[in-house]
Amino acid sequence: MAGPVRSLDDLSNKGADLVIACRACGHDRTVAIEQVMAVFFRRRWSTDWSAAHQRFRCRKCGSKDVRLGVDFYGYAVRRQRRPAALAAVPVTLKPGLHPPPPGVSLSEWNRATERERKRLVDRARS
Ligand SMILES: [Zn+2]
């Protein structure tokens, strides 16, 4: 980690997500930093790290005694909220295949069996 976190902006710049951990009940969750920033920006709250602590409350027990942490990898959030982004990773043509006919997606083409590919080509021609 490069330097201490002084504000939520630091997290944002580092691409890290925010962990909100409850001291009262032990519940914690990770929130995407862009989501947090959007709320703070809209409400014109200070993104100062210590000031930000007052803005959170435990979702489970309602306690305001929360500890903010940093999730540098954002695994939890990515798992829950970003399946679309993960699926958007460019699909490349499987080695040894001809490019698909127009109107057929690469992923469909890659997955198809030999026979299905013939069918897709016929369909594209008709
Ligand atoms: Zn709690």
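**Exercise 1. The sheet**

Work out how E1 and E2 pair, then build up the whole sheet from there.

*Solution.* Start with the two strands named in the task: E1 and E2 run antiparallel to each other, and 4 bridges link them. Keep in mind as you go that this is a predicted model.

Next, look at the link between them. The hairpin of E1 and E2 has 5 residues between the strands, and Gly-26 in this hairpin has a positive phi near 85°.

Now turn to E3. E1 also pairs with E3 in the antiparallel sense, over 6 bridges. Put together, the 3 strands make an open, antiparallel sheet with the order E2-E1-E3. E2 (28–31) and E3 (66–71) are the edge strands, each pairing on one side only. From one strand to the next, the twist averages 25°.

**Exercise 2. Partners across the strands**

Find which residues stand opposite Ile-20 and Cys-22 in E3.

*Solution.* Take Ile-20 to begin with: its opposite residue in E3 is Leu-68. Ile-20 also has a bridge partner in E2, namely Arg-29. For Cys-22, the residue opposite in E3 is Val-66.

**Exercise 3. The nonpolar core**

List the residues of the largest nonpolar core and say which elements supply them.

*Solution.* The core has 9 residues: Leu-8, Leu-11, Leu-18, Ile-20, Cys-22, Ile-33, Val-36, Cys-58 and Val-66. Sorting them by element, H1, E1 and helix H2 (33–43) each give two or more. E1 gives the most, with 3 residues.

Two members of the core, Cys-22 and Val-66, were met above as opposite residues. Cys-58 ties in with both: leaving aside neighbours within four places in sequence, its contacts are Cys-22, Ala-24, Cys-25, His-27, Ser-63 and Val-66.

Finally, set the core against the whole protein, where buried residues make up 12% of the 126 residues.

**Exercise 4. Three loop residues**

Decide whether Gly-15, Arg-44 and Pro-99 are buried or exposed.

*Solution.* The cut-off needed here is that a residue is exposed if 12 or fewer other C-beta atoms lie within 10 Å of its own.

Gly-15 sits in the loop between helix H1 (8–14) and strand E1 (17–22). Gly-15 has 11 C-beta neighbours inside 10 Å, so it counts as exposed. Its C-alpha atom is 7.7 Å from that of Ile-33, a residue 18 positions away along the chain.

Arg-44 belongs to the loop between H2 and helix H3 (49–52). With 6 other C-beta atoms within 10 Å, Arg-44 is exposed. Its backbone deserves a look as well: phi is positive, about 55°, although Arg-44 is not a glycine.

Pro-99 is found in the loop between helix H5 (83–87) and helix H6 (106–111). The count is 9 C-beta neighbours inside 10 Å, and therefore Pro-99 is exposed. The C-alpha atoms of Pro-99 and Trp-109 are 8.3 Å apart, with the two positions 10 residues apart in chain numbering.

**Exercise 5. Checking helix H7**

Test whether the span of helix H7 agrees with its number of residues.

*Solution.* H7 covers residues 114–125, which is 12 residues. At 1.5 Å a residue, the expected span is 16 Å. The end C-alpha atoms lie 17 Å apart, which agrees with that expectation.

As a second step, ask how well H7 is covered. The number of buried residues among its 12 is 0, so H7 is hardly covered.

**Exercise 6. The overall plan and where to trust it**

Write down the order of the elements, then see how confidence varies among them.

*Solution.* Count the elements: there are 7 helices and 3 strands. From the N terminus they run α-β-β-α-α-β-α-α-α-α. Among contacts with a separation of 6 or more, 55% join residues 24 or more positions apart.

For confidence, begin with the average. The mean pLDDT is 84, and 84% of the residues reach 70 or more. Then go element by element: H3 has the highest mean pLDDT (93), whereas H5 has the lowest (48). Over residues 82–87 pLDDT stays under 50, and the model has 1 contact beyond four places in sequence for this stretch.

How values were computed:
Residues numbered from 1 in each chain as written. Predicted model: local features only at pLDDT ≥ 70, side-chain atom pairs only at ≥ 80, totals over all residues. Buried ≥ 20, exposed ≤ 12 C-beta atoms within 10 Å, placed from the backbone. Pairing = 2+ DSSP bridges. Axes fitted to C-alpha atoms, helices over the stretch in contact; angles between N-to-C directions. Expected span 1.5 Å × (residues − 1). Core = buried A, V, L, I, M, F, W, Y, C linked by C-beta atoms within 7 Å. Contact = placed C-beta atoms within 7 Å. pLDDT = per-residue confidence, 0-100.
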